[in-house]
Amino acid sequence: GNITASSSANTVVKGNTFTVTVSGTADSPIDGMYTKFTYDKNVLKIESAAPAENYGNNSSEGEILVTSNADTSPTSTTLYTITFKVLDTANVDSTKISFSESELHLKVDDTTKSFPTSIADVVINIKADDTTAGNQGGTQETPKDDNTATEDKGNTTGGNSSKDSNSGN
């Protein structure tokens, strides 16, 4: 069996929310799971967490520990959904939700057995707003009039060299 995580959006505007859904699939009935999520609490805030039936959450800020013991044993199910908000103070950048120590608990021959699994990180790109193409942040250069050549001569340290140093923004 395996556990997967998916996001409702790959790119999110600051101040908006997105939902991460954690699902499990297996050839044997799923009897529970355990996984730990970490995220940057300076970028994301948990708005809500909705465990599927009989799933619980033991968490602290910046880390989510999800454990479960299922009364029913489906072979494919949504294990957990978490709605995050991108903080207004977040930088225009990307952030990730990382998973570690993941196990899927399966019922095999009337016995529950734990199987280690790995879950791919969920990466979220953060935009400043919905109106700016690219949303790379920083400032735009104001075009100069061609008749201001004397101003351009005096600017030997600015211009493109300044722009190039900020190209990673």
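**Note on the strands, the core and two selected residues**

1. A convenient place to begin is Ser-23, whose bridge partner in β8 is Thr-78. This pair of residues belongs to the antiparallel pairing of strand β3, which covers residues 17-25, with strand β8, which covers residues 76-86, and that pairing runs over 9 bridges. The model is a predicted one, and everything that follows should be read with that in mind.

2. For a reader new to the chain, the overall layout may help: the protein chain has 2 helices and 11 strands, and along the sequence it follows the pattern β-β-β-β-β-β-β-β-β-β-β-α-α. Of its 169 residues, 28% count as buried. Among the contacts with a separation of 6 or more, 74% come from residues 24 or more positions apart.

3. The pairing of β3 with β8 is part of an open sheet, in which 4 strands stand in the order β1-β3-β8-β5 with antiparallel pairing. At the edges are β1 (2-7) and β5 (44-51), each of which pairs on one side only, and from one strand to the next the twist averages 20°. As general background, the strands of a sheet pair through backbone hydrogen bonds, and they may do so in either the parallel or the antiparallel sense.

4. Strand β9 (94-108) deserves a paragraph to itself, since it appears in several pairings. With β4 it runs antiparallel, joined by 7 bridges, and within that pairing Ile-30 has Leu-106 of β9 as its bridge partner. With β10 it also pairs in the antiparallel sense, over 7 bridges, and here the partner of Lys-107 is Thr-112 in β10. With β11 the pairing is again antiparallel, over 4 bridges, and Lys-96 stands opposite Val-123 in β11. The hairpin of β9 and β10 has 2 residues between the strands, and in this hairpin Asp-109 takes a positive phi near 50°.

5. Which residues have the most contacts inside the largest nonpolar core? That core has 28 residues, and the ones in question are Phe-18, Val-22, Phe-37, Leu-44, Phe-84 and Ile-97. At least two core residues are supplied by each of β3, β4, β7 (63-68), β8, β9 and β11 (122-127), while β8 gives the most, with 5 residues. Leu-44 can serve as an example of how the core residues meet: leaving out residues up to four places away in sequence, Leu-44 touches Phe-18, Tyr-39, Phe-84, Lys-85, Val-86, Leu-87, Thr-95 and Ile-97.

6. Some of these names return in the aromatic contacts, of which the structure holds 3 pairs. Tyr-39 and Phe-84 form an edge-to-face pair, with 5.3 Å from centre to centre and 70° between the planes; the angle is given that label because planes over 60 degrees apart count as edge-to-face. The pair links distant parts of the chain, with Tyr-39 in the loop between β4 (30-38) and β5, Phe-84 in strand β8, and the two positions 45 residues apart. Both Tyr-39 and Phe-84 are buried, and together with Phe-18 they form one aromatic cluster.

7. Is Thr-117 buried or exposed? The relative accessible area of Thr-117 is 15%, so this residue is buried, since buried means under 20%. Thr-117 lies in strand β10, which covers residues 111-117. Apart from residues up to four places away in sequence, Thr-117 touches Gly-1, Asn-2 and Ile-3, and also Ser-102, Glu-103 and Leu-104.

8. Glu-101, which lies in strand β9, offers a second case to look at. Its relative accessibility is 47%, and therefore Glu-101 counts as partly exposed, as the value falls between the 20% limit for buried and the 50% limit for exposed. Setting aside neighbours within four places in sequence, Glu-101 is in contact with Tyr-34, Thr-35 and Lys-36. With two of these residues the side chain of Glu-101 makes polar contacts: one goes to the side chain of Tyr-34, at 3.1 Å, and another to the side chain of Lys-36, at 3.3 Å. Glu-101 and Lys-36 are 65 residues apart along the chain, yet their C-alpha atoms are separated by 6.1 Å.

Note on methods. Residues are numbered from 1 along each chain as its sequence is written. This is a predicted model: local features need pLDDT of at least 70, side-chain atom pairs count only at pLDDT 80 or more; totals for chains, interfaces and linings use all residues. Side-chain values use heavy atoms; hydrogens and water are left out. Two strands pair if DSSP finds at least two bridges between them. Axes are lines fitted to C-alpha atoms, for helices over the stretch in contact, and angles run from 0 to 180 degrees between N-to-C directions. Rings of Phe, Tyr and Trp (its six-membered ring) pair if their centres lie within 6.5 Å; planes under 30 degrees apart count as stacked, over 60 as edge-to-face and the rest as tilted. Buried means under 20% relative accessible area, exposed over 50%, partly exposed in between (1.4 Å probe, protein chains only). Contact means heavy atoms within 4.5 Å. A nonpolar core is a set of buried Ala, Val, Leu, Ile, Met, Phe, Trp, Tyr and Cys residues joined through side-chain atoms within 4.5 Å. A polar contact is a pair of N or O atoms within 3.5 Å; within protein, one must be able to donate a hydrogen and the other to accept it, and residues adjacent in sequence count only if both atoms are side-chain atoms.
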